[in-house]
Amino acid sequence: MTAHHRPNPYEELGALDEGPLQETRLEDFLGREPWDPGDPEDPVEGAGSSADGEGPEDPWSPPVHRRGSRRRRRRFSTLPLAAKALVAVLVLTAFLTLADRWAVLYAEHRAADVLRDRMHLAAAPEVEIGGFPFLTQVADGRLDSVRLTVPDVAADRVSLARVSATARDVRLDTDGPVSIRGAHAPRLDGEVLLSFADLNRELGASQVTFTGVGGDRVRARGTLPVAGHELRVSAQARIQRDGERGISTSIDGMRLDIGELATYRPGTRASQGLHLTPAAAADVARESRKAKALLSLPAMARRLGVPDGVIREALSDDGKLAELTGSPRFARQAVRLNLVDLALDHPEALRRLGLDPKLLDTLTHLTRPALADRLSLAFDLPAPTHGDLRLRDVRVEKEGIRVRVTGEHLTTGH
């Protein structure tokens, strides 16, 4: 039995290399006769002709994937020179405008930081440089306008709610566009607003609120703690200019109410001091205990204008007492009676009337200047290092006290 040999693949490949077999298969694959070099007609070109006699097809070329970009470049290249120049100018203008605005923001930020440090402010103010373009103004050494807004400036016991001012035609002291040593403002106009909302918030510890009455008047109302008692306080303040840079307050109509029992007005006039309210005087007239406590003091009896004989009869006879205290004259005199002396010499009698002697003692030491200081709205603007700064008109409006500010030849820097 003969052995079965597997065909050698290399021998099969060698058989494929024979000339006639290769040519036949290649020509069969191409579907045409072999090309004769002597034939002037290229069979490849002739093969492209269709059976119906149409012309040769276009040669194949790779697809173009950037038609849009080529089309855009083609369109831009077809624009006239004037249009191209206009586009270039617009792009350059936009770039220069952006650079100019950036320079303005940087200059405003730097100026705000410098003013905060030199004016010792808690926060940087708002600085707004007007005019356009900014860089050409700096190169010329002159700014059209500069607006400054400071939201909070310390002023005695309160803070000014807002100080805003605008300087025009500001001249710069520079060594070039990037080096500004200082500035000079020939004229400045602005205003100071002392807001009632800020006053009420900052003076909230005393629970006093301020409202505008009209003209130059401000009304203060609230409560004040005195000797452990919360007393209702009311007063009117007259706002006026004090010198060139100050505002002062004159307080009048000041009154402290001790419940419905008595009213204290600081001062030495007959209408001032400690007085019973009409309701409390009527209550004294109805209650014999309180009436006797008041009539038993000779000094008080004389101030009531009651003869000594009538007082003795009233103290010994309740009928006579009711007749005396029930007269309208007694109630009027009781309201006019100043109880300050009674508080000093006869504290026990005051206790019978329902008054705390300690409270009355504290009130007698609460002088008018000390009480007025609690309601004062005075302040002074700081004096500038160079130039003149003044307060002008003072107006009381609904939202607060508004004062006009003017300045001349103000200089900063150096």
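**Close-up views of strands, helices and a cavity**

**View 1. Val-218 stands opposite Ala-237 in strand 9.** The model shown here and in the other views is predicted. The pair belongs to the junction of strand 8 with strand 9, two strands that run antiparallel and are joined by 10 bridges. Strand 8 and strand 9 form a hairpin, and 2 residues lie between them. In the turn of this hairpin, Ala-227 has a positive phi of about 50°. Most residues other than glycine have a negative phi.

**View 2. Strand 7 and strand 8 form a hairpin with 2 residues between them.** Strand 7 covers residues 208-214 and strand 8 covers residues 217-226; the two run antiparallel, joined by 6 bridges. Gly-214 stands opposite Arg-217 of strand 8. The turn contains Gly-215, whose phi is positive, at about 65°.

**View 3. Strand 9 is joined to strand 10 by 10 bridges.** These strands, residues 229-242 and residues 246-258, run antiparallel. One bridge can be followed from Gln-240 to its partner Ser-248 in strand 10. Between the strands of this hairpin there are 3 residues, and Gly-243 takes a positive phi near 75°. In a regular strand the side chains alternate between the two faces of the sheet.

**View 4. Strand 10 also pairs with strand 11 and with strand 13.** Strand 11 consists of residues 262-265, runs antiparallel to strand 10 and is joined to it by 3 bridges. Ile-258 stands opposite Ala-262 in strand 11. The hairpin of strand 10 and strand 11 has 3 residues between the strands, and there Gly-259 takes a positive phi near 60°. Strand 13, residues 379-380, pairs with strand 10 over 2 bridges, again in the antiparallel sense. Here Gly-246 stands opposite Asp-380 of strand 13.

**View 5. Helix 8 packs against helix 9 at an angle of about 100°.** Helix 8 spans residues 278-286 and helix 9 spans residues 288-295, and their axes are 5 Å apart. Angles of 65 to 115 degrees count as roughly perpendicular, and helix 8 and helix 9 are therefore roughly perpendicular to each other. Helix 8 contributes Asp-283, Val-284 and Arg-286 to the contact, while helix 9 contributes Ser-288, Lys-290, Ala-291 and Leu-294. By class, this contact of helix 8 with helix 9 has 3 nonpolar residues, 1 polar residue and 3 charged residues.

**View 6. Helix 9 packs against helix 12 at an angle of about 80°.** Helix 12 is formed by residues 318-325, and the axes of helix 9 and helix 12 are 11 Å apart. Helix 9 and helix 12 are therefore roughly perpendicular to each other. From helix 9, the contact uses Ser-288, Ala-291, Lys-292 and Leu-295; from helix 12, it uses Asp-318, Leu-321, Leu-324 and Thr-325. The contact of helix 9 with helix 12 comprises 4 nonpolar, 2 polar and 2 charged residues. Ser-288 and Ala-291 of helix 9 thus appear both in the contact with helix 8 and in the contact with helix 12.

**View 7. The structure holds 1 cavity of 30 Å³ or more.** The volume of the largest cavity is about 30 Å³. Its lining is made up of Arg-187, Asp-388, Arg-390, Arg-392, Thr-406, Gly-407 and Glu-408. At least two residues of this lining come from strand 14 (388-396), and at least two come from strand 15 (400-413). The lining of the largest cavity has no nonpolar residues; it divides into 2 polar and 5 charged.

**View 8. A cis peptide bond joins Phe-132 and Pro-133.** The omega angle of this bond is about -5°. Pro-133 is placed in the loop between strand 1 (126-130) and helix 6 (134-140). Most peptide bonds are trans.

**View 9. Asp-169 has a positive phi of about 55°, although it is not a glycine.** Asp-169 is located in strand 5, which runs over residues 162-176.

Terms used. Residues are numbered from 1 along each chain as its sequence is written. This is a predicted model: local features need pLDDT of at least 70, side-chain atom pairs count only at pLDDT 80 or more; totals for chains, interfaces and linings use all residues. Side-chain values use heavy atoms; hydrogens and water are left out. Axes are lines fitted to C-alpha atoms, for helices over the stretch in contact, and angles run from 0 to 180 degrees between N-to-C directions. Helices (H or I, at least four residues) and strands (E, at least two) are DSSP runs, numbered from the N terminus. Angles under 35 degrees count as roughly parallel, over 145 as roughly antiparallel, 65 to 115 as roughly perpendicular and the rest as oblique. Contact means heavy atoms within 4.5 Å. Ala, Val, Leu, Ile, Met, Phe, Trp, Tyr, Cys and Pro count as nonpolar, Asp, Glu, Lys and Arg as charged, and the others, Gly among them, as polar. Two strands pair if DSSP finds at least two bridges between them. On a 1 Å grid over the protein atoms alone, a cavity is a set of points where a 1.4 Å probe fits but cannot get out, and a pocket is an open set with protein on both sides within 12 Å along at least five of seven lines; lining residues have an atom within 4 Å of a point. Grid points are joined across faces, edges and corners, and a volume is the space filled by probe spheres set on the points.
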